[in-house]
Amino acid sequence: MAIPDENIHPTATGNAAETVAEHQAKQDLVFYSGWFCPFNQRVWITLQEKGILYQYKEVNPYKKEKHFLDINPKGLVPAIEYQGKALYESLVLCEFLEEAYPNHKPHLLPVDPFERAHVRLWIDHTSKNIIPAWHRLLQAQSVEQQDAARQELYVAQRKLAQQVKGPYFTGEEFGLVDVANAPWVARAYILTEHRGYDRAQVGDGWSEYAERLATRESISKTSSDEDKIQVIYDRYLRDEAQSEVAKALRAGRPLP
Ligand SMILES: N[C@@H](CCC(=O)N[C@@H](CS)C(=O)NCC(=O)O)C(=O)O
């Protein structure tokens, strides 16, 4: 029998559980997090990278509890409360943290306006092309649909790979394009195991870039055990998940 979405494992495990334990004290910034969520992990990576003090609070967004809907009316993780004021949307939150903590390195955006805009173009490409293709491949049931989605993902990641200056997107410093992609790069093993995805097929240095992202400390410190992550993705692999992301994909709508 299918496990309903709200019956997910309640807490982070493995390395991520240790990070959660280190962030229980009350702080100005409260991070409302779902341990399993890749959008959420973008914010978590940013907090860890910048060494920002934060209080971690686990939320099960599928339950749509009133206290959480008061923080994010969309009922999605990630969300934060900063000095008592609520904000949400992963990429908005990453940019907010960049601006609200200007002395905390690494800086996620370049100083030069042209370079900044260039980063935002490739964030847009990530949101509109890479992430939807990743989820389409995950949920695709027929061999034909899987082949099409896999090619779509390779093409989208190749376009990004061709822009990577190296070692990170803008060069030496880890930044927002890296943050935006890292959670899906780190869990691509799901696609490799179940959907014939092979990151070497992307070409143009993607494998090396992906390995650099997946093994970075902030990513491993915010990653739970693979067997617990696998349970979450099993529902998507059978195309039975009822999350907003899964429903949007199924209906051919843009992701929430
Ligand atoms: N665009 C949002 C997407 C966040 C999102 O979809 N979060 C999922 C978990 S991965 C969620 O809270 N799902 C609850 C639901 O679908 O009801 C962002 O980038 O923050």
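The following questions and answers concern a predicted model and its strands, one loop residue and a pair of helices.

Residues are numbered from 1 along each chain as its sequence is written, and side-chain values use heavy atoms, with hydrogens and water left out. Because the model is predicted, local features need pLDDT of at least 70 and side-chain atom pairs count only at pLDDT 80 or more, while totals for chains, interfaces and linings use all residues.

Reader: In what order do the four strands of the open sheet stand?

Author: Strands (E) are DSSP runs of at least two residues and helices (H or I) of at least four, numbered from the N terminus. Two strands pair if DSSP finds at least two bridges between them. The pairing in this open sheet is mixed, and its order is E2-E1-E3-E4.

Reader: Which strands stand at the edges of the sheet?

Author: An edge strand has a single partner strand, so one side of it is left without a neighbour in the sheet. The strands in this position are E2 (55-58) and E4.

Reader: In which sense do E1 and E2 pair, parallel or antiparallel?

Author: Strand E1 covers residues 29-33 and pairs with E2 over four bridges. Within E2, Glu58 is the bridge partner of Ser33. The sense of this pairing is parallel.

Reader: Which residue in the turn between E3 and E4 has a positive phi?

Author: Strand E3 (residues 79-82) and strand E4 (residues 85-88) pair in the antiparallel sense over four bridges. They form a hairpin with two residues between them. A positive phi of about 50° belongs to Gln83.

Reader: Is Asn72 buried or exposed?

Author: Asn72 lies in the loop between helix H3 (66-69) and E3. Its side chain reaches the backbone nitrogen of Lys74 at 2.8 Å. Buried means under 20% relative accessible area, exposed over 50%, and partly exposed in between, with a 1.4 Å probe and protein chains only. Because its relative accessibility is 2%, Asn72 counts as buried.

Reader: How is H5 oriented to H7, roughly parallel or roughly antiparallel?

Author: Axes are lines fitted to C-alpha atoms, for helices over the stretch in contact, and angles run from 0 to 180 degrees between N-to-C directions. The axes of H5 (residues 113-139) and H7 (residues 176-186) come within 9 Å and cross at roughly 10°. Angles under 35 degrees count as roughly parallel, over 145 as roughly antiparallel, 65 to 115 as roughly perpendicular and the rest as oblique. Therefore H5 is, with respect to H7, roughly parallel.

Key:
A polar contact is a pair of N or O atoms within 3.5 Å; within protein, one must be able to donate a hydrogen and the other to accept it, and residues adjacent in sequence count only if both atoms are side-chain atoms.
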